[in-house]
Amino acid sequence: MDLPAGAPRPTSRQLALWTLVSTVAWLAESLVSTGQSRNMYAGQPGAAPPLVDLWVPSLGSAILWVPFTVLLLWLAYRFPVTGARVNVLVHLAALAVVVVGRALGVVLFNGMFDWYPNGVPGYGELLNTSLFNNLVTFVFVSGIAHAVFYQHTMRTREAQFADARMAALTSQLQPHFLFNALNTIAAYVHQRPAVAERMIVDLSALLRYSVDRDHAALVALDDEIEIAEAYLAIQRNRFADRLQVAVEVDRAVRDAAVPPFLLQPLLENAVQHGLAPQDGASALTITAHRDAKEVVVVVGDDGVGVCDDGAVGVGLSNVRARLAQVYGAGAGLTLGPRNGGGTNATIRLPYRRYAPTAAVRATKEPA
């Protein structure tokens with residue numbers, strides 16, 4: 001009788017919300033029912049009963065439905081009829097509980113709400129009347145409860161799918177940069193061991209960042225800049241004096257929330273496709289600033305230039321996919337020519353202040 005994988009279970013907050021909403025809904029129903037009863041006396045001889053005399057029985061019936069409505073909502077979450085076959089029996093048992101419970105309520109509270117002015121009928125007749133009066137309402141309320149359950153389940157699974165898709169997109173990047181970094185280090189292990197050692201330290205920072213942020217949907221831009229500098233330190237050792245790096249990031253955007261590993265594929269693309277093919281010194285710049293409600297991040301190089309034709313590998317398409325996953329049409333990545341030659345990769349995304357979770361804060365604390 002377990003729930004389907006990913007199905008949400010009702011929480012205490014949900015139960016409290018259901019009780020409040022059910023109470024309001026049934027009170028509204030009692031007012032509508034009272035108005036309909038009042039209309040029945042229109043045009044008939046004799047004075048209509050006072051409005052309060054019509055409303056009190058409807059109010060009592062509505063109040064009795066509140067706990068049963070919450071029960072049916074809970075059962076829809078815990079034992080949905082589309083689950084195990086025994087769940088259908090659970091709901092049939094719930095129907096019996098509703099019929100008997102409301103009949104018992106009539107016995108206990110008839111003197112207060114005056115459903116039967118001349119006295120409560122016998123138990124057999126009372127149960128038959130309860131079944132007749134409550135069957136349709138039971139089916140209606142149970143149907144609404146299942147609709148609420150399936151809507152909640154769908155939203156939960158959509159969120160899980162989005163998280164899984166983001167994790168898959170991020171995981172595509174990690175083997176990619178690891179493979180290239182290890183190849184760079186391998187070239188210096190024997191010839192320049194001190195350089196290789198420094199590169200291994202920088203690579204360890206990259207791997208630590210990868211592990212710590214593996215399940216993070218967003219990180220601070222400041223952390224992205226830090227890890228970008230570790231990546232570029234590896235590349236500076238590779239290119240020696242040929243690679244010059246400049247980083248200019250406004251303080252106003254250092255706390256901006258961005259997807260993890262947003263800059264690394266842009267840097268790798270600039271190094272591999274823009275700088276590596278050319279001879280002589282090369283320059284790479286990272287800039288970030290606010291533009292109204294947006295954050296603008298630009299990775300520029302003065303390399304040979306690259307066309308945005310999809311031939312530069314998975315890096316750029318992956319960045320675009322992750323931006324779309326998080327921000328929809330509100331963010332994007334474009335490639336364009338850089339003044340003086342080379343390429344600018346420009347990211348524009350909405351500014352949101354990064355708020356680290358407890359798990360992320362723990363990774364930053366010293367052991």
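**Notebook: two loops, two helices and a sheet**

I began with Ala292, which is exposed in this predicted model, its relative accessible area being 63%. I then placed Ala292 in the loop between strand E4 (282–291) and strand E5 (294–301). I checked the backbone there and noted that the phi of Ala292 is near 60 degrees, a positive value in a residue other than glycine. I kept in mind that most residues other than glycine have a negative phi.

I looked up Phe261 next, which also has a positive phi, of about 55 degrees, although it is not a glycine. I found Phe261 in the loop between strand E3 (257–258) and helix H7 (264–275). Is Phe261 buried or exposed? I read a relative accessibility of 1% for Phe261, so I entered this residue as buried, the cut-off for that word being under 20%.

I turned to helix H1 (residues 12–40), which has 29 residues, and I noted that H1 reaches 42 Å from its first C-alpha to its last, close to the 42 Å expected at 1.5 Å a residue. Which residues of H1 are buried? I listed Gln14, Trp18, Ser22, Trp26, Ser30, Ser33 and Thr34 as the buried residues of H1.

I then went over the surface and recorded a nonpolar patch of about 690 Å², made by Leu104, Val107, Leu108, Phe109, Met112, Val120 and Tyr123. Which element gives the largest share of the nonpolar patch? I noted that this share, five residues, comes from helix H3 (residues 86–113). I singled out Phe109, which lies in helix H3 and is partly exposed, with a relative accessible area of 33%. I note that this value of 33% is over the 30% relative accessible area that a patch residue needs.

I finished with the open sheet of five strands, whose order I wrote down as E2-E4-E5-E7-E6, with mixed pairing. I saw that strand E2 (243–249) and strand E6 (332–337) stand at the edges, and because each has a single partner strand, one side of each is left without a neighbour in the sheet. I also noted the turn between neighbouring strands of this sheet, which is 15 degrees on average, direction ignored. How many bridges join E6 to strand E7 (residues 343–350)? I entered six bridges for E6 and E7, which run antiparallel, and I marked Leu333 as standing opposite Ile347 in E7.

Key:
Residues are numbered from 1 along each chain as its sequence is written. This is a predicted model: local features need pLDDT of at least 70, side-chain atom pairs count only at pLDDT 80 or more; totals for chains, interfaces and linings use all residues. Side-chain values use heavy atoms; hydrogens and water are left out. Patches are made of residues with over 30% relative accessible area and no salt bridge: like charges are joined within 9 Å, nonpolar side chains (Val, Leu, Ile, Met, Phe, Trp, Tyr) within 5 Å. Accessible areas come from the Shrake-Rupley method with a 1.4 Å probe; for residues, only the protein chains shown count as cover. A salt bridge is a side-chain nitrogen of Lys or Arg within 4 Å of a carboxyl oxygen of Asp or Glu. Helices (H or I, at least four residues) and strands (E, at least two) are DSSP runs, numbered from the N terminus. Buried means under 20% relative accessible area, exposed over 50%, partly exposed in between (1.4 Å probe, protein chains only). The expected span of a helix is 1.5 Å times one less than its number of residues. Two strands pair if DSSP finds at least two bridges between them. Axes are lines fitted to C-alpha atoms, for helices over the stretch in contact, and angles run from 0 to 180 degrees between N-to-C directions.
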